[in-house]
Amino acid sequence: MATKFMLCSFMTCPWVQRAAIVLRAKDVKYDITYIDRNNRPAWFLAVSPHAKVPVLQIDGKDALFESNAIAEYLEETAAPRLHPEDPIARARNRAWTDYVPTFASSISTTAYADTEAEFTARAAKIAGPFAKLEEELTKRGNAGPYFNGPKLSLVDAAYAPFLQRYTFMDRLRPIGVIEKFPHLSAWRDALLQAPAVRTSTVPNIEAVWQENLIVRKRWLAKFVAASVAGAAAAA
């Protein structure tokens with residue numbers, strides 16, 4: 001087993017958070033380096049073919065890129081096992097992990113809409129991927145709270161960052177979609193309370209995420225201001 005891990009990240013990247021959740025769930029110690037997305041260093045570009053995070057450096061000599069590859073490497077090399085023991089269940093978990101980009105895209109494209117009208121149009125499409133997960137959770141054959149039952153898994157780690165981002169966005173600009181899907185909503189709530197998820201980001205992740213979004217989409221500033229004012233009034 002490797003002894004030293006360095007996770008390379010942008011401050012708010014959900015794909016890095018996926019890797020961090022797996023590291024946390026397995027109680028693997030690691031350091032983290034935040035990359036300036038506008039000034040990506042040469043050493044990082046040399047080990048990241050897509051010039052993207054996450055990258056996991058191992059013992060200062062090897063480097064892995066892509067969150068799925070990192071998660072599977074950690075699954076093979078560090079206990080406890082997060083994949084199901086049953087091969088069919090394990091394959092089904094991997095298949096649903098492959099659906100994450102579709103699920104994530106419906107959320108991220110909405111968050112990065114250029115206008116309020118575009119935001120509304122894109123938000124309306126979130127229900128499609130959400131319905132797919134709701135159907136699977138309905139017939140999964142266990143009572144949760146996680147995808148496979150009481151134990152956090154790699155598929156949970158894959159979806160948690162994006163369900164968290166949906167929640168952040170919904171608090172800024174209410175979307176009213178997840179409430180239509182009770183199993184997905186309950187899964188979201190359980191994931192956001194899981195210790196490995198709660199400790200997988202910077203402590204003020206929601207505020208940092210909001211700031212990053214505002215830099216990109218100024219039209220959302222009024223909703224951030226309203227959210228901050230509401231929080232202050234409730235305190």
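Biologist: Which element gives the largest share of the lining of the largest pocket?
Modeller: α5, with six residues. This is a predicted model, where local features need pLDDT of at least 70 and side-chain atom pairs pLDDT 80 or more, while totals for chains, interfaces and linings use all residues. Residues are numbered from 1 along each chain as its sequence is written, and side-chain values use heavy atoms, without hydrogens and water.

Biologist: What is the volume of the largest pocket, and what makes a residue part of its lining?
Modeller: The volume is about 770 Å³, the space filled by probe spheres set on the grid points. The lining has 31 residues, and Cys-13, Pro-14, Trp-15, Val-53 and Phe-162 are the closest to the pocket's centre. They count as lining because each has an atom within 4 Å of a pocket point. Elements giving two or more residues to this lining include α1 (14-25), α3 (67-77) and α8 (154-172).

Biologist: How many residues of each class does the lining have?
Modeller: There are 14 nonpolar, nine polar and eight charged residues. Asp, Glu, Lys and Arg count as charged, and Gly as polar.

Biologist: What is the order of the strands in the open sheet?
Modeller: The four strands run β2-β1-β3-β4, with mixed pairing.

Biologist: Why is one side of β2 and of β4 left without a neighbour in the sheet?
Modeller: β2 (31-34) and β4 (62-65) stand at the edges and have a single partner strand each, so one side of each has no neighbour there.

Biologist: How do you know that β1 and β2 pair?
Modeller: Pairing needs at least two DSSP bridges. β1 (residues 5-9) and β2 have four, in the parallel sense, so they pair. Met-6 stands opposite Asp-31 in β2.

Notes: On a 1 Å grid over the protein atoms alone, a cavity is a set of points where a 1.4 Å probe fits but cannot get out, and a pocket is an open set with protein on both sides within 12 Å along at least five of seven lines; lining residues have an atom within 4 Å of a point.
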